[in-house]
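Open the model in your viewer and keep the sequence panel visible. This tour goes from stop to stop, saying what to select and what is there.

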Amino acid sequence: MKKSITALFASALALAISTHASAADDRYIVKFKEGKGPSVTAMMNKNGGRSLQSLEKRNAMAAALSDKALNALRNNPNVEYVELDVKRYPMAETVPFGIPMVQADQLSDAMAGNQTVCIIDSGYDIGHEDLYNTNVTGNYDSGTGDWFTDENGHGTHVAGTIAAIGGNGTGVVGVNPNGNLNLHIVKVFGADGWAYSSSLVAAADECAANGATVINMSLGGTLKSRTEDQAFADLYANQNVLSIAAAGNDGNTRHSYPASYDSVVSVAAIDSNKMVADFSQQTGQVELSGPGVDVLSSVPTGSSLQTTLTVGGSNIEAAGMEGSPQGDVTGDLVDCGLGESACTDASGKVCLISRGNISFAEKVQACEAGGGVGAVIFNNEPGMLYGTMGEVVTGIPSAGISDTDGATLLGQLGSSASLTLEPGDYAYFNGTSMATPHVAGVSALVWSHFPSCSASEIRSALTSTAEDLGAAGRDNAYGYGLVQAKAAVDYLTANGCSGSNGGGDNGGGDKPCKGKKCSQ
Ligand code: CA
């Protein structure tokens, strides 16, 4: 993830106020020679300095120093050194845009312990800092190995969207952020990521056997299977399991399975502007939409490329170029135009280059040829630039930034720029695979408030309350629209499980959606 650290200044500020340090005085650490603390302190006080924090065991103290006190200390033979007392910040936690978009932040997940989401995917990195290791179960699989590791990354990303820990000051936040939701992990994918339909049927049955109320399947294929169709129909109608699956990423109008079985909810992907993704398959089976473009979530620890760009002391959102080497470089920012030939005056500097005309790799090579230590390429159209080096091996770290940040940085040429690409624990993924866990997580969250409702009643509440997008009413791109957790809970509160208060909500005949798609 981009650790564009949202600094918490509160504690440092409170300390400065409580000690009445002059706003003009900077805070330093003063290291003195053994036994010389009292004399150094006396001399410092005489010159207008004030001790703020004793570090007795370190023969040091933090102090607010005027220029006069600073000079006096630096010339004092009893002082080993004086250094700036630099700031340290907690790692910030980012709320991915999809969480408020599906209204997950408007509901309590305190009851989610009555739900189990079963994730059929590539496993779960149980050592990840933002995923929990209680309330999660799985079984060893002779084909794919331990459920609690993830050699692919896909399953850990899906799990983070459903249940990444909120409020821990790091990483991201899931739809159910408080560790109450039960997870069951079935690992059907290894590193290379495919499985047989028979494995999927066995996985779904394992989900049910382990108490799943909701199954998340961020997977699919173009061919249907009678065995799958019957299995999911049985789970839905007879075992009260709601199955959610990805509509598919081929950008066409073909059905994908298991999403397109009547008993399974097919999920389309939309972006942060609620526009359907161009890759999202549009079919008569698409039922709900979820956020599925540039979705930030957890990946196995150390498996992503984390990018940090700082220019003139300010953080700029940057995305490391796929295939870029890792590195940590600093240099003055220099303009390399389009980077179509060796950048001039770039020796030891960070190149700022505009997208256009030639490949990103060639632009990075132009920077490298001019002696540049890092390359930043800005978009020539609206939005962030996510690029790749392709097959080209480059020697310096490179990253993409947005068109607007590029324009800003053109006004900061000569400023000190630092670009760091290092192993990270979070990544942005695209896909109906990312939309699906938003809907699965919301299904469990809503259901946790009404545990006596049936799978079909929860499904009906979600489709009835989705935010209509695209053409009015249901359409093949968005289905009934964007899933809305709070609206669904409000609907069930007002109307009961059956959706019509007084209409016999205790298992009578009024279940129009049971076993088939709702028509309205
Ligand atoms: Ca977190």
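Two strands count as paired if DSSP finds at least two bridges between them. Strands of a sheet pair through backbone hydrogen bonds, either parallel or antiparallel. Keep in mind throughout that this is a predicted model.

**Stop 1: the four-stranded sheet**

Select strands β1 to β4. They make an open sheet with the order β2-β3-β1-β4, and the pairing is antiparallel. Which strands stand at the edges? They are β2 (50-55) and β4; each has a single partner strand, so one side of each has no neighbour in the sheet. From one strand to the next, the twist averages 25 degrees.

Now narrow the selection to β2 and β3 (residues 60-65). Five bridges hold this antiparallel pair. For one position to look at, pick R50, which stands opposite A64 in β3.

Add helix α2 (residues 37-46) to the view. This helix packs on the sheet and touches β1 (26-32), β2, β3 and β4. The direction of α2 makes about 5 degrees with that of β3.

**Stop 2: the calcium ion**

Select the calcium ion and the residues around it. Which protein atoms are its donors? They come from E93 (OE), D130 (OD, listed twice), I165 (O), N168 (OD1), T170 (O) and V172 (O), at 2.2 to 2.6 Å from the ion. Along the sequence, the spacing of the donor residues reads E-x36-D-x34-I-x2-N-x1-T-x1-V.

Two of these donors, E93 and N168, link distant parts of the chain, 75 residues apart. E93 sits in the loop between β4 (79-84) and α4 (98-101), while N168 sits in the loop between α5 (154-163) and β7 (182-187). Are these two buried or exposed? Buried means under 20% relative accessible area and exposed means over 50%, with partly exposed in between. E93 has 26% relative accessibility, so this residue counts as partly exposed. N168 has a relative accessible area of 30%, so it is partly exposed.

**Stop 3: aromatic rings**

The structure holds six aromatic pairs. Select F232 and Y261: their rings are stacked, 6.4 Å centre to centre, with 25 degrees between the planes. This pair also links distant parts of the chain, since F232 is in helix α7 (residues 226-238) and Y261 is in the loop between β9 and β10, 29 residues apart. Both residues, F232 and Y261, are buried.

Add Y257 to the selection. The ring centres of Y257 and Y261 lie 5.0 Å apart and their planes are at 45 degrees, so this pair is tilted. Y257 is buried, as is Y261.

Next, select Y124, W147 and F148, which form one aromatic cluster. Then go to Y236, where R459 lies over the face of the ring at 5.0 Å from its centre.

**Stop 4: backbone details**

Most residues other than glycine have a negative phi, and most peptide bonds are trans. The next selections depart from that.

Return to Y257 and include P258. A cis peptide bond joins Y257 and P258, with omega at about 15 degrees. P258 is in the loop between β9 (242-246) and β10 (264-270).

Select K274, in the loop between β10 and β11 (286-291). K274 is not a glycine, yet has a positive phi of about 65 degrees. At 28% relative accessibility, K274 is partly exposed.

Select D294, in the loop between β11 and β12 (295-298). D294 is not a glycine either, and its phi is positive, at about 55 degrees. The relative accessible area of D294 is 28%, so this residue is partly exposed.

**Stop 5: the eight-stranded sheet**

Select strands β13 to β20. These eight strands form an open sheet of mixed pairing, in the order β14-β13-β20-β16-β17-β18-β19-β15. At the edges stand β14 (314-316) and β15 (319-320), each with a single partner strand, so one side of each is left without a neighbour in the sheet.

Zoom in on β18 (residues 374-378) and β19 (residues 398-401). These strands run parallel and are joined by four bridges. V376 has A399 in β19 as its bridge partner.

Finish with two helices. Helix α8 (residues 360-369) lies across β17 (350-354), β18 and β19, at about 140 degrees to β18. Helix α9 (residues 403-410) lies across β13 (304-311), β14, β16 (327-335), β17, β18 and β19, at about 105 degrees to β19.

Terms used: Residues numbered from 1 in each chain as written. Predicted model: local features only at pLDDT ≥ 70, side-chain atom pairs only at ≥ 80, totals over all residues. Heavy atoms only, no water. Donors = N, O, S within 2.8 Å, 3.2 Å for Na, K, Ca; no water. Buried < 20%, exposed > 50% of the residue type's maximum accessible area, 1.4 Å probe, protein only. Axes fitted to C-alpha atoms, helices over the stretch in contact; angles between N-to-C directions. Contact = heavy atoms within 4.5 Å. Phe/Tyr/Trp six-rings, centres within 6.5 Å; stacked < 30°, edge-to-face > 60°. Lys NZ or Arg CZ within 6 Å of the ring centre and 35° of its normal.
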